[in-house]
Amino acid sequence: MSLQPPSLRPKGGNAPSTKAVILVGGPSRGTRFRPLSMELPKPLFPVAGHPIIEHCFAAISKVPEIKEVFIVGYYDESVFRDFIKDASKDFPHISVKYLREYQALGTAGGLYHFRDVILKGRPERFFVLNADVCCSFPLNEMLKLFEDKDAEAVMLGTRVSNESATNFGCIVSDAHTKRVLHYVEKPESHISNLINCGVYLFSTECIFPAIRSAIKRRTERPRLLSYPSSENLESSYYRGEEDETEKTEVIRLEQDVLSDIADSKQFFVLETKDFWRQIKTAGSAVPANALYLMKAHQSGSEELAPPSANIIPPVYIHPTATVDPTAKLGPNVSIGPRSVIGAGVRVKESIVLEDCEIKHDACVLYTIVGWNSKIGCWARVEGTPTPINSHATSIIKNGVKVQSITILGKECGVGDEVRVQNCVCLPYKELKRDVANEVIM
């Protein structure tokens with residue numbers, strides 16, 4: 001007879017207890033999402049009609065075992081208060097709590113800092129989702145692989161082009177068993193085009209000891225800390241007055257923990273053939289919007305506007321928005337609350353946020369139109385299309401790197417007949433003349 005307490009491995013109808021953690025980061029990291037993050041934290045930015053983080057919740061709610069979700073980050077508690085209230089209404093079977101870090105602790109440091117809360121009720125495993133990831137989150141498939149292989153950890157992987165692979169964490173795996181043999185974060189040379197999607201399932205017995213030994217290594221060899229890459233500078237920067245113990249708690253899953261777990265025999269990768277993309281820069285919200293809208297269209301979502309002569313699907317129009325019947329929208333367009341789209345307007349591959357006005361015969365392509373912005377009649381606001389499989393949102397124009405998506409910050413105005421191309425425009429600016437390839441400050 002087993003002496004193992006029943007709460008650890010329930011038998012019969014009860015599935016093992018599973019929780020989920022969504023990592024949202026904090027205000028000091030959101031610089032690449034400017035100018036949009038100046039008004040709204042990135043996880044709450046609407047993509048395909050819903051905050052980015054809500055797409056994570058929609059996926060989590062499809063895993064029947066999950067009853068508890070933690071949002072971990074270092075934004076002020078008030079930032080997510082309204083979202084949590086709405087999420088608790090929309091997903092009544094899930095309890096949602098926000099756990100605020102006292103400083104940036106890194107993706108693994110935050111988990112370790114709140115380990116007692118996560119381990120309450122003795123869950124056997126938990127999902128970790130990075131909020132700035134756009135994908136179909138095949139969590140149930142990850143769970144099945146985890147159980148089939150009696151795994152300690154499963155990560156979601158996807159294939160990208162060989163050229164862009166070194167910008168991500170690269171996975172070498174056994175094609176037959178799906179076991180992770182080797183993991184390197186942003187390698188200097190090509191090792192694999194299978195990359196880490198930033199979605200994990202960990203056994204609680206594996207992950208916390210792995211983070212603990214990473215912290216221990218960090219304390220024994222603190223000098224290694226001094227050479228962060230420019231990419232990770234913000235997350236490994238400390239103010240002088242922090243003591244040693246706090247310093248060592250900035251630990252990142254990707255750089256400090258995963259390669260160690262890969263040395264165990266029980267780390268597996270589920271390769272998704274579905275879409276995946278990171279939402280890092282403000283411009284990357286446009287391809288993410290397209291991917292989520294296409295997914296909603298394939299699944300026959302009732303939220304989308306019905307196709308017609310002037311609606312090329314997929315298009316999301318908020319119920320409170322007003323669209324003139326002669327305006328032509330789509331594909332891959334989201335129109336926010338209370339926005340007004342005039343006669344003869346053309347909108348394609350764009351996000352129009354709330355309370356905007358686009359006057360008659362204006363044209364908006366590959367653009368994000370910020371809150372309360374106004375675009376005059378016959379104006380043309382456009383970015384440049386990038387290949388669907390490209391993970392970059394910048395292009396080279398006249399030898400200068402510019403955003404391929406045009407972004408108007410909050411309350412921008414574009415005059416009648418003005419043309420704006422490949423520009424990022426900070427909030428409260430009035431554009432009265434043609435501009436191209438500029439950041440308008």
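Reader: How do H3 and H7 pack, and at what angle?
Author: In this predicted model, helix H3 (residues 106-113) packs against helix H7 (residues 204-220) at an angle of about 115°. Their axes are 10 Å apart.

Reader: Left-handed or right-handed crossing for H3 and H7?
Author: H3 passes H7 in a left-handed crossing.

Reader: Which residues of H3 and H7 make the contact?
Author: From H3 it is Ala108, Leu111 and Tyr112. H7 brings Phe208, Ile211, Arg212 and Ile215. By class, that contact has six nonpolar residues, no polar ones and one charged.

Reader: What about H7 and H9, how do they pack?
Author: H7 and helix H9 (residues 253-262) also meet at an angle of about 115°, with axes 10 Å apart. The crossing of H7 and H9 is right-handed.

Reader: Which residues of H7 and H9 are in that contact?
Author: On H7 they are Cys206, Ile207, Ala210, Ile211, Ala214, Arg217 and Arg218. On H9 they are Leu253, Asp256, Val257, Asp260 and Ile261. Sorted by class, the contact of H7 with H9 holds eight nonpolar, no polar and four charged residues. Ile211 of H7 is listed in the contact with H3 and in the contact with H9.

Reader: New topic. Which residues of H5 are buried?
Author: In helix H5 (residues 139-148), the buried ones are Leu139, Met142, Leu143, Leu145 and Phe146.

Reader: Why do they line one face of the helix?
Author: Looking down the axis of H5, the buried residues fall within an arc of 165°, so they line one face. As background, an α-helix has 3.6 residues a turn, so residues three or four places apart point the same way.

Reader: And what does the face of H5 turned away from the buried side carry?
Author: That face carries the exposed residues Glu141, Lys144 and Asp148.

Reader: What covers the buried residues of H5?
Author: The cover includes helix H1 (52-60) and four strands: S6 (125-130), S8 (153-159), S11 (194-203) and S12 (267-271). After H5 comes Asp150, which has a positive phi, near 50°.

Reader: Same question for H2: which residues are buried?
Author: Phe83, Ile84 and Ala87 are buried in helix H2 (residues 81-90). They cover an arc of only 95° around the axis, which puts them on the same side of H2. Asp82 and Lys89 are exposed on the other side.

Reader: What covers the buried residues of H2?
Author: Strand S3 (50-51), H1, strand S4 (66-73) and strand S5 (95-100) are included in the cover. H1 is also part of the cover for H5.

Reader: Where are the cis peptide bonds at Pro314 and Pro331?
Author: Pro314 is in the loop between helix H10 (285-298) and strand S14 (315-317). A cis peptide bond joins Pro313 to Pro314, with omega about 0°. Pro331 is in the loop between strand S16 (328-329) and strand S17 (333-335). The bond from Gly330 to Pro331 is cis, with omega near -5°.

Reader: What is phi of Arg122, and where does that residue sit?
Author: Phi of Arg122 is near 50°, a positive value in a residue other than glycine. Arg122 is in the loop between helix H4 (115-119) and S6. Arg122 is partly exposed, with a relative accessible area of 41%.

Reader: And Glu349, buried or exposed?
Author: Glu349 is buried, at a relative accessible area of 15%. The cut-off for buried is under 20%. Phi of Glu349 is positive too, near 50°. Its place is the loop between strand S19 (346-348) and strand S20 (350-352).

Reader: What is Val435 in contact with?
Author: Leaving aside neighbours within four places in sequence, Val435 contacts Arg419, Val420, Gln421, Cys423 and Ile440. The C-alpha atoms of Val435 and Arg419 are separated by 6.5 Å, though the two are 16 residues apart along the chain. Val435 lies in strand S33 (residues 435-436) and is buried, with a relative accessible area of 6%.

Reader: Last one, the whole chain. How many helices and strands?
Author: The protein chain has 10 helices and 34 strands. Of its 441 residues, 52% are buried. The chain exposes about 20200 Å², and carbon and sulfur atoms supply 52% of that area.

Reader: What share of contacts join residues at least 24 apart?
Author: Among contacts between residues at least 6 apart in sequence, 58% join residues at least 24 apart.

Technical notes
Residues are numbered from 1 along each chain as its sequence is written. This is a predicted model: local features need pLDDT of at least 70, side-chain atom pairs count only at pLDDT 80 or more; totals for chains, interfaces and linings use all residues. Side-chain values use heavy atoms; hydrogens and water are left out. Buried means under 20% relative accessible area, exposed over 50%, partly exposed in between (1.4 Å probe, protein chains only). Helices (H or I, at least four residues) and strands (E, at least two) are DSSP runs, numbered from the N terminus. The arc is that of the directions from the helix axis to the C-beta atoms. Contact means heavy atoms within 4.5 Å. Axes are lines fitted to C-alpha atoms, for helices over the stretch in contact, and angles run from 0 to 180 degrees between N-to-C directions. A crossing is left-handed if the near helix is turned anticlockwise from the far one by less than a right angle, and right-handed if clockwise. Ala, Val, Leu, Ile, Met, Phe, Trp, Tyr, Cys and Pro count as nonpolar, Asp, Glu, Lys and Arg as charged, and the others, Gly among them, as polar. Accessible areas come from the Shrake-Rupley method with a 1.4 Å probe; for residues, only the protein chains shown count as cover.
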